[in-house]
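Visitor: Please take me closely through one part of this model, beginning with the pairing of charged side chains and going on from there to the packing around it.

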Amino acid sequence: MMTSVDTDLIRVLADPLRLRIVTLLAHETLCTTHLVEETGAKQTNLSNHLKVLREAGVVETEPCGRFTYYKLRPEVIKALAGQFSDLADTAHATAEANLKRSCP
């Protein structure tokens, strides 16, 4: 059985700023202003990264007056972690069984 990992989500999280945003949001729900302060990124750049994270389903928004707060969707991260865990289990079983394909 082939075990695969969501490569689109990995691409989304591979960007250092997006990973920093996700890390910050794991600790608390923040608005764009907070994220600008914490990351030092320009607001427009940050907004573009937040859009990518929203479209990937990693974060969700919560309007609060004139501000928009961002909240991490932990189930998405947990699902990705589960995929990596399954992949590690498969690799471990393969190593124990000493499986290798013969060369022609």
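Guide: A good place to begin is K71, whose side chain forms a salt bridge with that of E62, the closest N and O atoms lying 3.6 Å apart; the term salt bridge is used here for a side-chain nitrogen of Lys or Arg within 4 Å of a carboxyl oxygen of Asp or Glu. The model is a predicted one, in which local features need pLDDT of at least 70 and side-chain atom pairs count only at pLDDT 80 or more, while totals for chains, interfaces and linings use all residues. Residues are numbered from 1 along each chain as its sequence is written, and side-chain values rest on heavy atoms, with hydrogens and water left out.

K71 is partly exposed, at a relative accessible area of 31%, where partly exposed covers the range between buried (under 20%) and exposed (over 50%), computed with a 1.4 Å probe on protein chains only. E62 is partly exposed as well, at 37%. K71 has a further salt bridge to E60, again with 3.6 Å between the closest N and O atoms. This pair links distant parts of the chain, since K71 belongs to strand β3 (residues 67-72) and E60 to strand β2 (residues 59-64), 11 residues apart; strands (E, at least two residues) and helices (H or I, at least four) are DSSP runs numbered from the N terminus. E60, at 33% relative accessibility, is likewise partly exposed. Through shared partners, salt bridges join E60, E62, K71, R73 and E75 into one network.

The count for the model comes to six salt bridges. Another of them joins K51 to E55, with 3.9 Å from N to O. Both residues sit in helix α4 (residues 43-55), four residues apart, or about one turn of the helix. The partners differ in their exposure class, K51 being partly exposed at 41% and E55 exposed at 62%. Side chains of opposite charge can pair when their charged atoms come close.

Helix α4 leads on to the packing of helices. Helix α3 (residues 32-39) packs against α4 at an angle of about 110°, with the axes 10 Å apart; axes are lines fitted to C-alpha atoms, for helices over the stretch in contact, and angles run from 0 to 180 degrees between N-to-C directions. The angle makes α3 roughly perpendicular to α4, on a scale where under 35 degrees is roughly parallel, over 145 roughly antiparallel, 65 to 115 roughly perpendicular and the rest oblique. T32, L35, V36 and T39 of α3 make the contact with Q43, L46, S47 and L50 of α4, contact meaning heavy atoms within 4.5 Å. The crossing of α3 and α4 is right-handed, that is, the near helix is turned clockwise from the far one by less than a right angle, whereas an anticlockwise turn would be called left-handed.

T32, in helix α3, is buried at 14% relative accessibility. Setting aside residues up to four places away in sequence, T32 touches Q43, L46, S47 and L50, together with T68 and Y70.

Helix α2 (residues 16-27) also packs on α4, at about 75° and with the axes 10 Å apart, so α2 is roughly perpendicular to α4. Here L17, R18, I21 and V22 of α2 meet N45, L46, H49, L50, V52 and L53 of α4.

Elsewhere, the axes of helix α1 (residues 7-14) and helix α5 (residues 74-97) come within 11 Å and cross at roughly 115°. L9, I10 and L13 on the α1 side touch V76, I77, L80 and F84 on the α5 side, and the crossing of α1 and α5 is left-handed.

In the segment after α5 lies N98, which has a positive phi of about 55° although N98 is not a glycine. Most residues other than glycine have a negative phi. N98 is exposed, with 57% relative accessibility.

Last come the cysteines. A search of the whole structure finds zero disulfides, a disulfide being a pair of cysteine sulfur atoms within 2.5 Å. The sulfur of C31 lies 9.0 Å from the closest cysteine sulfur, that of C64, which is too far for a bond. C31 is buried at 4% relative accessible area, whereas C64 is partly exposed at 42%.
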